[in-house]
Amino acid sequence: MIQSDEKGFTLVELVISMGMFSVVMLAILIFMTTGTRSYGTAKNELNLQMESQMLLNQIRDLTYSANYATYDDTNKALLLYDVQKVKAATPSPGLASPAPSAAPATKTAKVTVVYLKDDALYLKKDLDPSHVDSATLAGTCVASDDYLFSRYMTDFKARINKNDVKLTIKMKNGNSKYTLNEGITIRNGWVTYP
């Protein structure tokens with residue numbers, strides 16, 4: 001009599017164990033794919049929130065230092081003016097004095113423009129207000145000296161009520177969207193310009 005001392009798996013056992021291994025590996029793969037996708041979505045949303053907060057802080061600083069603001073809805077441009085009053089010239093002693101109604105103080109200004117162009121927000125600083133109007137804003141193309149404020153922009157609006165500037169910023173990165181509404185008050189006093 002010959003004894004068979006063969007230890008091993010039968011074909012049926014091997015097929016069953018491979019099927020169970022495949023089910024476990026498929027579950028792990030689905031878990032990893034879902035986790036990676038969730039991480040990417042959360043990262044995009046966090047990036048949009050951080051970028052919008054940095055953008056808002058920069059616009060807030062510019063607005064605080066301004067004392068007059070307008071918004072051009074057609075060109076999606078916020079114009080922030082830093083208006084300085086210049087005293088009228090006073091006569092030197094010994095010269096004939098002008099009439100008591102001396103010339104009024106004049107105003108000079110520098111303009112900062114924050115504008116939306118091609119899904120990005122740009123900044124132009126220290127512009128002469130005589131060179132800033134709707135025609136030049138409509139023809140605005142991004143120049144090399146324009147500062148890129150933010151990418152991923154879908155909309156930028158401002159409502160101005162006296163010295164209150166209400167901003168609406170809408171951003172999108174992939175499937176992630178973020179909207180920020182914020183009010184900023186001009187702190188340097190409101191000056192009517194021109």
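In the predicted model, valine 114 is in contact, beyond its neighbours within four places in sequence, with Ile59, Leu62, Lys76, Ala77, Leu78, Leu121, Tyr122, Leu123, Phe149 and Phe156. Valine 114 also belongs to the largest nonpolar core, which comprises 25 residues. Within this core, Val114 is one of the six residues that touch the most other members, together with Ile59, Leu78, Leu121, Phe156 and Leu167. At least two core residues are supplied by each of α1, β1 (68-72), β2 (77-86), β3 (106-117), β4 (120-127), β6, β7 (164-173) and β8 (176-185). Helix α1 provides the largest share, 5 residues. A second core, separate from the largest one, contains 14 residues, among them Ala77, Val111, Val191 and Tyr193. In soluble globular proteins, nonpolar side chains tend to be buried together.

Helix α1 covers residues 11-65. Its 55 residues should span 81 Å at 1.5 Å a residue, and the separation of its end C-alpha atoms, 81 Å, agrees with this expectation. The buried residues of α1 are Leu48, Glu51, Ser52, Leu55, Leu56, Ile59, Arg60, Leu62 and Thr63. An α-helix has 3.6 residues a turn, so residues three or four places apart point the same way. Elsewhere, a nonpolar patch on the surface is formed by Phe21, Val24, Met25, Ile28, Phe31 and Met32, with a combined accessible area of about 640 Å². Of these patch residues, methionine 25 lies in helix α1. Methionine 25 is classed as partly exposed because its relative accessibility is 41%, between the limits of 20% and 50%.

The search of the whole structure identified 4 salt bridges. One of them joins the side chains of glutamate 182 and arginine 60, with an N to O distance of 3.3 Å. This pair links distant parts of the chain, since glutamate 182 is located in strand β8 and arginine 60 in helix α1, 122 residues apart. The two partners fall into separate accessibility classes: arginine 60 counts as buried at 18% relative accessibility, whereas glutamate 182 counts as partly exposed at 27%.

Aspartate 155 takes part in two further pairings. Its salt bridge with lysine 76 places the closest N and O atoms 3.1 Å apart. Because lysine 76 lies in the loop between β1 and β2 and aspartate 155 in strand β6, this pair ties together parts that are 79 residues apart in sequence. In the salt bridge between aspartate 155 and lysine 157, the closest N and O atoms are 3.7 Å apart. Lys76, Asp155 and Lys157 are thus linked in a network of salt bridges. Aspartate 155 is buried, at a relative accessible area of 11%. Lysine 76 is partly exposed at 22% relative accessibility, and lysine 157 is likewise partly exposed, with a relative accessible area of 37%.

Strand β6 (residues 153-161) also contains isoleucine 160. With a relative accessible area of 29%, isoleucine 160 is partly exposed. Apart from neighbours within four places in sequence, isoleucine 160 is in contact with Ala69, Thr70, Tyr71, Leu78, Val165 and Trp190. Leucine 78, one of these contacts, is 82 residues from isoleucine 160 along the chain, and the C-alpha atoms of the two residues are separated by 9.7 Å. Leu78 is itself a member of the largest nonpolar core and is also in contact with valine 114.

Note on methods
Residues are numbered from 1 along each chain as its sequence is written. This is a predicted model: local features need pLDDT of at least 70, side-chain atom pairs count only at pLDDT 80 or more; totals for chains, interfaces and linings use all residues. Side-chain values use heavy atoms; hydrogens and water are left out. Helices (H or I, at least four residues) and strands (E, at least two) are DSSP runs, numbered from the N terminus. The expected span of a helix is 1.5 Å times one less than its number of residues. Buried means under 20% relative accessible area, exposed over 50%, partly exposed in between (1.4 Å probe, protein chains only). Contact means heavy atoms within 4.5 Å. Patches are made of residues with over 30% relative accessible area and no salt bridge: like charges are joined within 9 Å, nonpolar side chains (Val, Leu, Ile, Met, Phe, Trp, Tyr) within 5 Å. Accessible areas come from the Shrake-Rupley method with a 1.4 Å probe; for residues, only the protein chains shown count as cover. A nonpolar core is a set of buried Ala, Val, Leu, Ile, Met, Phe, Trp, Tyr and Cys residues joined through side-chain atoms within 4.5 Å.
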